[in-house]
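This report describes selected computed features of one protein model. Polar contacts, cysteines, the principal pocket and the domain layout are treated in turn.

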Amino acid sequence: KVFPAVVSCIGSDGTIYIIPKSFETALNKLMAEIQNTFKGLGLLIPYCWKKGEPCVVRGSDTVWYRAKIVEVSGSILQVQYIDHGYIESIPQCHLYPTAFYTGIPPFCIPCQLYKTLPIGNFWQQDAVDYLQELLKNEEVEIHVEELPDDPRGKLSISLYFGGMSLSSFLAYQKYCVAEDCQDLQKLGVFEGDLSPTYLLQPLPVPGEIFPVTVTHLVSPKELYICLDSSGNLTKCSATERAASCDSESLKKALKWCNKIVKTLPHLTNFRKELPCLAEYVDGLWYRAKLLSITQLVPIQILVQFVDYGTYLVAPTSRLRHIPCHLLKYPVQAVRVLLAGFRPAPDDKNVERIPYSPEWSLKALWTMMDCVEGKHLSASILTVSPEVTISLYGDDKNLVHLKLIEMGLAELDE
């Protein structure tokens, strides 16, 4: 069985406690009922607590939870939150004994990684801390491998985050030995000798009008677009729906990569067009490809972020190997040329685009105002030798008409 779940906590012994997504509605309903039943403080009169006794506990967030007594030590009791897994030492005044809700099984499931042996035969504290930081409150994919002999025992699972096997990843980190590390080779997370390439984005058929977002302008005529199906998927073509699905999955995978990016090796191969991860000015890491070395001492590399079309000159410290499972998602940004206009020969604006001097900077800024943050649509005219489109604005008119009105461009039949 394969299902999505949220990791609620990591036990001190490395037990992974998960709450299946399918349980969330029932758990929220139970929690609301408990809050309505128990109000105020816990039991303030003396009470003889016993190990294993059910109770409700008032957490540090002032919310009541189901729990059971794990250990009794004077006025401080060790309790386990049975629907979330974590263990905490709590003063008696924050607990209340109750037999309510004992007929409802715990919503969290204790799990162990299938055929995975921690170094030293038990999970070291640094490994537990790392798992807690990586997984707590995150949604993951669970593959059930083996049921426990005791119904109260641990479920043996394979856990995947962002398309990556947790066992394989921890084995690479030297926290454990995984019996089956095929995922590591298959994902190629740490391979430097491969020659991977990105997949290209499938495009709608010529003549079909489809929504787009402009992600980067090179000039008024050359830009990068992404298929935009954020409005209404039911009205989208199969190509747009697939692009939307890829985009969401890619975002999740990149979120995970940002969490583990420090474990990925720096680039040592600077082959042109080589896929990599690059750190943008916002401090986040995105998919990119190498274009050229712009400076040798210190080394500076020109990269392009393939899902946006934007460029950046970066030192090698901001470039990392890309996990190969990120290559299965097509590049999101498509380079296109706009049809129907060309630079105005009588444009008297002195400031020109340095790399495209036939256009004035004013024409670039005007085009930017026409497309930035707008609901645009496009229609492909040709795909060879280059993708050429007609681009329409919010008002369904061609976006370049504004440049023609201002004398910054002229019609090109």
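A polar atom in the side chain of Q80 lies 2.9 Å from the backbone oxygen of G85. The model in which this distance was computed is a predicted one. The Q80 side chain also forms a polar contact, at 3.2 Å, with the side chain of Y17. Q80 belongs to strand β5. Its relative accessible area is 12%, so Q80 counts as buried.

**Accessibility**

The residues below are listed with their relative accessible areas and the resulting classes.

| Residue | Relative accessible area | Class |
|---|---|---|
| C9 | 2% | buried |
| Q80 | 12% | buried |
| C93 | 35% | partly exposed |
| K1 | 71% | exposed |

K1 is located in the segment that precedes β1 (2-10). Between the C-alpha atoms of K1 and F210 the distance in space is 38 Å, while the two residues are 209 residues apart in sequence.

**Cysteines**

How many disulfides does the model contain? The count is zero. A disulfide is a covalent bond between the sulfur atoms of two cysteines. C9 takes part in no disulfide, and its nearest cysteine sulfur, belonging to C108, is 7.0 Å away. Why is C93 without a bond to C55? The sulfur of C55 is the closest cysteine sulfur to that of C93, yet the two are 13 Å apart, which is too far for a bond. The cut-off applied to a pair of cysteine sulfur atoms is 2.5 Å. With regard to solvent, C9 is buried, whereas C93 is partly exposed.

**The largest pocket**

The largest pocket encloses about 800 Å³ of space. Its lining comprises 31 residues, of which K68, P106, C108, P110 and R152 are the closest to the pocket centre. Which strands each supply at least two residues of this lining? They are β3 (54-58), β4 (64-73), β5 (76-81) and β8 (109-113). By residue class, the lining holds 19 nonpolar, seven polar and five charged residues. Strand β5, one of the contributors to the lining, is also the strand in which Q80 is placed. C108, one of the residues closest to the pocket centre, carries the cysteine sulfur nearest to that of C9.

**Domain layout**

According to the domain assignment, domain 1 covers 1-194, domain 2 covers 208-230 + 333-411, and domain 3 covers 250-326. Taken over C-alpha atoms, the centres of domain 1 and domain 2 are separated by 53 Å.

How values were computed:
Residues are numbered from 1 along each chain as its sequence is written. This is a predicted model: local features need pLDDT of at least 70, side-chain atom pairs count only at pLDDT 80 or more; totals for chains, interfaces and linings use all residues. Side-chain values use heavy atoms; hydrogens and water are left out. On a 1 Å grid over the protein atoms alone, a cavity is a set of points where a 1.4 Å probe fits but cannot get out, and a pocket is an open set with protein on both sides within 12 Å along at least five of seven lines; lining residues have an atom within 4 Å of a point. Grid points are joined across faces, edges and corners, and a volume is the space filled by probe spheres set on the points. Helices (H or I, at least four residues) and strands (E, at least two) are DSSP runs, numbered from the N terminus. Ala, Val, Leu, Ile, Met, Phe, Trp, Tyr, Cys and Pro count as nonpolar, Asp, Glu, Lys and Arg as charged, and the others, Gly among them, as polar. Buried means under 20% relative accessible area, exposed over 50%, partly exposed in between (1.4 Å probe, protein chains only). Domain bounds come from an automatic or database domain assignment. A polar contact is a pair of N or O atoms within 3.5 Å; within protein, one must be able to donate a hydrogen and the other to accept it, and residues adjacent in sequence count only if both atoms are side-chain atoms.
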